[in-house]
Amino acid sequence: MKPETRLVHLGREPQRFEGLVNVPPCRTSTYLHDSVAAYQAAAADKHGRLYYGRFGSQTSLALASACAELDEAAGAVLFPSGLAAITRVLGCLLRPGDHLLMVDTVYGPVRAFCEQELTRVGVRTSWYSPDDLVALEALVRPETRVVYAESPGSLTFEVQDLRALADVARRHGLVSVVDNTWATPWFCRPLALGMDISLMSGSKYLVGHSDALLGVASSTEPYLAILQQAAAHYGNAVSADDCYLALRGLRTLGIRLARHQASALRVAGWLAARPEIAEVFYPALPGDAYHAIWQRDFSGASGLLGVAFHSDVTERQRHAFVDGLALFGIGVSWGGFESLALPGQAPRRLPDMQPRCRLPLVRLHIGLEDPGDLIADLACSLANHIPMPER
Ligand SMILES: *Cc1c(COP(=O)(O)O)cnc(C)c1O
């Protein structure tokens, strides 16, 4: 079956639910068992059987199995948010005294988690550049346990060489983890590139309608028990209603992402040709610094991109540009059907990472609107608020 066909059938079992096309939202805490023996059998396989709502419902098990299949993983575990998936998994992989290698372009709240929560429990973090695997390898210590990637990086969209990174990890006995939220497993399958664990904020494209929060962690066989432990020991639970929304979003993931990609590519190309713009960060754009590696490892690009103005554009002008957009909402998160814009400032620790983010940035999410309308809106606000560079 081709991927589009699989997307329609993943996780569905109409015969089990009296012909219902969709697995319904099965709200429950308690499952009743026919006998003590049946209860004990369920207790012995809490993650696979219907035992107690905290471990899973028919709805969450259907979604988890669909996610595992999409990711070509041994299994997937759901979390109440993307950040919960990331922090729970890191919490289960790291012990006091351990060392973590973290990419400098990581999503801001993960940076805060490393600096505050991990530091508090005695885990040290070293920051590495997404572009320099030689420097990364030099940071490995005897107590290094995990190498964490995010590709492309938040706000500045550096694509990492995950195959090479996975090789470094394997050579040094490290667990390799990647945040794959931007591409989703529809456009990139990190486990097939050699990574051990792939994480995704399902709040973005999986749910796809800006109406639920969800996190997904998928892994190869050796790490599946650790993911399940990350969920179970921390008392993780995901609501059946949110899983239902994610399963509904999943059915249209392919066509939505195709449209996000086509529109984002058109908008990015238009922006890149504008004299008021210094650079567009969108790996699918020919000419992007990461285009070749994106082409090698990804089968597509989503709708999120970065726009860098010339260095003399003031914060006030940048904010006026965002305020002046009529079709782009101002707000965090992305991956829904609607376009969004936010001014951004990427904090970086490493000096070689700073040039790309020192330029004044705006992050755009290109939604499912007509791309011509979006371009007209961008053109109007650029003309009103961003000066032409002097020649
Ligand atoms: C949004 C996001 C997260 C966090 O996801 P939530 O579901 O909002 O907790 C993690 N990583 C990346 C790259 C994100 O964009």
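User: A nonpolar core is a set of buried Ala, Val, Leu, Ile, Met, Phe, Trp, Tyr and Cys residues joined through side-chain atoms within 4.5 Å. Which residues have the most contacts inside the largest one?

Analyst: The model is predicted, so local features need pLDDT of at least 70 and side-chain atom pairs pLDDT 80 or more, while totals for chains, interfaces and linings use all residues. Numbering starts from 1 along each chain, and side-chain values use heavy atoms, without hydrogens or water. The largest nonpolar core has 121 residues. Those with the most contacts inside it are Leu 100, Tyr 148, Trp 182, Tyr 282, Leu 305 and Leu 364.

User: Which element gives this core its largest share?

Analyst: Elements here are DSSP runs: helices (H or I, at least four residues) and strands (E, at least two), numbered from the N terminus. The largest share of the core is seven residues. Those residues come from H3.

User: How many aromatic pairs does the whole structure hold?

Analyst: Rings of Phe, Tyr and Trp (its six-membered ring) pair with centres within 6.5 Å; planes under 30 degrees apart are stacked, over 60 edge-to-face, the rest tilted. A search of the whole structure finds this many aromatic pairs: six.

User: How far apart in sequence are the parts that Tyr 39 and Tyr 51 tie together?

Analyst: Tyr 39 and Tyr 51 make a tilted pair, with 5.9 Å between centres and 35° between planes. Tyr 39 sits in helix H2 (residues 36-43), and Tyr 51 in the loop between H2 and helix H3 (58-70). The pair therefore ties together parts separated in sequence by twelve residues.

User: Is Tyr 51 buried or exposed?

Analyst: Buried means under 20% relative accessible area, exposed over 50%, partly exposed in between (1.4 Å probe, protein chains only). Tyr 39, at 38%, is partly exposed. Tyr 51 has 16% relative accessibility, so Tyr 51 counts as buried.

User: How many residues apart are Trp 182 and Tyr 282?

Analyst: Trp 182 and Tyr 282 form an edge-to-face pair, 6.4 Å centre to centre with 75° between the planes. Trp 182 is in the loop between strand S5 (175-179) and helix H8 (184-187). Tyr 282 is in the loop between strand S8 (277-281) and helix H12 (291-297). The pair links distant parts of the chain, and the separation in residues is 100.

User: What is the relative accessibility of Tyr 282?

Analyst: Trp 182 counts as buried, at 5%. Among the residues that Tyr 282 touches (heavy atoms within 4.5 Å) are Trp 182, Gln 261, Asp 288 and Leu 305. Tyr 282 also counts as buried, with a relative accessibility of 0%.

User: Which strands stand at the edges of the seven-strand sheet?

Analyst: Two strands pair if DSSP finds at least two bridges between them. Seven strands form an open, mixed sheet in the order S1-S7-S6-S5-S4-S2-S3. Each edge strand has a single partner, so one of its sides lacks a neighbour in the sheet. The edge strands are S1 (75-79) and S3 (124-128).

User: In S7, which residue is the bridge partner of Val 77?

Analyst: S1 and strand S7 (residues 215-219) run antiparallel and are joined by five bridges. Within S7, the bridge partner of Val 77 is Ala 217.

User: Which residue in S9 stands opposite Glu 279?

Analyst: Four strands form an open antiparallel sheet, in the order S8-S9-S11-S10. S8 and strand S10 (340-344) are its edge strands. S8 pairs with strand S9 (residues 304-309) over four bridges, in the antiparallel sense. Opposite Glu 279 in S9 stands Ala 308.

Note on methods: Lists of a residue's contacts leave out its neighbours within four places in sequence.
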